[in-house]
Each structure stands twice: as structure tokens, then as C-alpha cells.
Amino acid sequence: MQRGTVSRLLLAILILFFSAGSVFGAEVRPWYAARLEALGFYVFDQPFEQPNFNVASVDGKMKSRLSTKGNVTLLNFWATWCPPCKEEIPTIQRLHEIMKGEKFEIMAVDLGESPMSCKSFMEENKITSPVYVDPKNSIASIYASIGIPTTYILDKNGKFIAGFLGPFDYDNPEFVAIMKELARK
């Protein structure tokens, strides 16, 4: 065999070897997985559905989790008495402001508190991002059983793609860039 033929044959074998994952059915990770993991998020192996729930805004307007379909959603569970939650809420507010006009939505659910106490906290802290309340903690066991704050990222189909337990800086430039890319796809 000639040298050029051997080189082309080796190149073809290498290409086949490195693409074997997709050829033989190995998992291909989504583009955002490594980037979110680098920020500390747990990226679920496969996007999945969870039961729907309804919560009321601090003003009493009902909201369904499934109504967020069509938007990338930051689903955050928190409480006004929780120091790590209070630490991250201003960053969620800034993310809300940054993401205006994008296919993006925030659904922050306060667990176990009255609408009035939550509304008072929002006014004191100039929070204008959407906040909902679950005063009876009826959904905490499903979505935030390990603790709060607990946050999920939902894709435009309403499927859970990643999660984070604990406080996070949601106005982090890399996180914002990922949310914008998800919202625009």
C-alpha cells in the first residue's frame, strides 16, 4: 500500500472510532451539560416530566407549572426566613431584569409562608420578579425535600433538565449566557 492510502485508511479508522458513540448508540450529552456542570448544577441524564402543580402569586393569581411551556424556566423553591435563599433572591431579580424579552420565565415558589409575609419581603427588597406561594408546603416534598433553596431549570417543553441545591449567583455571566442560548434555541 502507498503511504497516502495508509494515512487515509488510518484517518478513516480514527474518525469511525471517535464517532462510534453516536454510531453505536452511546449517550450524546446536550450542549449545555458541561457548562452547567462547571457551574455546579446537576444535569439530568434525560430531561423528564414531573407532576403539574398550581400556586398563587402573592396577589392571588393562580399559576400552573405547565403554563411555563414555551419558555425556559428557572423554578426556584425558597422562603423569606432562609438565609441562603435571601442571599440568592437579589441575583434572581437581576436575572429577571437581564432576561426580559427572552423566551425565559422565573417561577419562584415561597414554601410555607403566607402571601402577606412574602409580599412584605418582596416590597422591602424591591423584588419584582414573579413570586408564588405554597403556604401549606404541599409541593415541598416533591420538589424541595432535601432543603431550600432548590432550583431547577426546565426546557421549553416543561421538562426538567438540571438542578441545584443551595444558593447560587443567578446573574453570573456564564449562567446568563447559557439561559440566553437555551431561550433562543
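## Getting to know the fold

Biologist: Hello! Which residues form a disulfide here, and how far apart are their sulfur atoms?

Modeller: This is a predicted model, and in it C82 and C85 form a disulfide. The structure holds 1 disulfide, and both of its cysteines, C82 and C85, are buried. The distance between their sulfur atoms is 2.5 Å.

Biologist: What is the handedness of the link of C82 and C85?

Modeller: A disulfide is a covalent bond between the sulfur atoms of two cysteines. About the S-S bond of C82 and C85 the angle is 75°. That makes the link right-handed.

Biologist: Is C118 buried or exposed?

Modeller: The relative accessible area of C118 is 0%. Buried means under 20%, so C118 counts as buried.

Biologist: Thanks! Over which residues does pLDDT stay under 50?

Modeller: Across the protein, pLDDT averages 87, and 85% of the residues score at least 70. One stretch stays under 50, and for it the model has 5 contacts beyond four places in sequence. That stretch is residues 3–23.

Biologist: In what order do the strands of the open sheet lie, and which are the edge strands?

Modeller: The open sheet is formed by 8 strands with mixed pairing, and the twist averages 30° from one strand to the next. Their order is β1-β8-β7-β4-β5-β6-β2-β3. Pairing on one side only marks the edge strands, β1 (42–48) and β3 (62–64).

Biologist: Which residue in β8 is the bridge partner of F48?

Modeller: β1 and β8 run antiparallel and are joined by 3 bridges. β8 is mostly covered, with 5 of its 6 residues buried. In β8, the partner of F48 is F160.

Biologist: And which residue in the turn between β7 and β8 has a positive phi?

Modeller: β7 and β8 pair in the antiparallel sense over 5 bridges, one of them matching T151 with F164 in β8. The two strands form a hairpin with 5 residues between them. The turn residue with a positive phi, about 80°, is G158.

Biologist: Which residue in β6 stands opposite S57?

Modeller: Strand β2 (residues 54–57) is joined to β6 by 2 bridges, and the two run antiparallel. Opposite S57 in β6 stands Y132.

Biologist: At about what angle does α7 run to β4?

Modeller: Two helices can be placed against the strands here. α5 lies across β4, β5 and β6, at about 150° to β6. α7 lies across β4, β5, β7 (150–154) and β8, and its angle to β4 is about 130°.

Biologist: Which element gives the largest share of the largest nonpolar core?

Modeller: That core has 38 residues, and L36, F41, L74, I153, Y170, F175 and M179 have the most contacts inside it. Among the elements giving two or more residues are α3 (33–38), β4 (72–78) and α7 (173–184). The largest share, 6 residues, comes from α7.

Biologist: Which residues does L36 contact, leaving aside neighbours within four places in sequence?

Modeller: L36 is one of the residues with the most contacts inside the largest core. Beyond those neighbours, L36 is in contact with F41, V43, I153, A162, F175, I178 and M179.

Biologist: How far apart in space are R35 and I178, C-alpha to C-alpha?

Modeller: R35 lies in helix α3 and counts as partly exposed at 24% relative accessibility. Not counting residues up to four places away in sequence, R35 touches E174, A177, I178 and E181. R35 and I178 are 143 residues apart in sequence, yet in space their separation is 7.8 Å.

Conventions
Residues are numbered from 1 along each chain as its sequence is written. This is a predicted model: local features need pLDDT of at least 70, side-chain atom pairs count only at pLDDT 80 or more; totals for chains, interfaces and linings use all residues. Side-chain values use heavy atoms; hydrogens and water are left out. pLDDT is the predictor's confidence in each residue, from 0 to 100. Contact means heavy atoms within 4.5 Å. A nonpolar core is a set of buried Ala, Val, Leu, Ile, Met, Phe, Trp, Tyr and Cys residues joined through side-chain atoms within 4.5 Å. Buried means under 20% relative accessible area, exposed over 50%, partly exposed in between (1.4 Å probe, protein chains only). Helices (H or I, at least four residues) and strands (E, at least two) are DSSP runs, numbered from the N terminus. A disulfide is a pair of cysteine sulfur atoms within 2.5 Å. Two strands pair if DSSP finds at least two bridges between them. Axes are lines fitted to C-alpha atoms, for helices over the stretch in contact, and angles run from 0 to 180 degrees between N-to-C directions.
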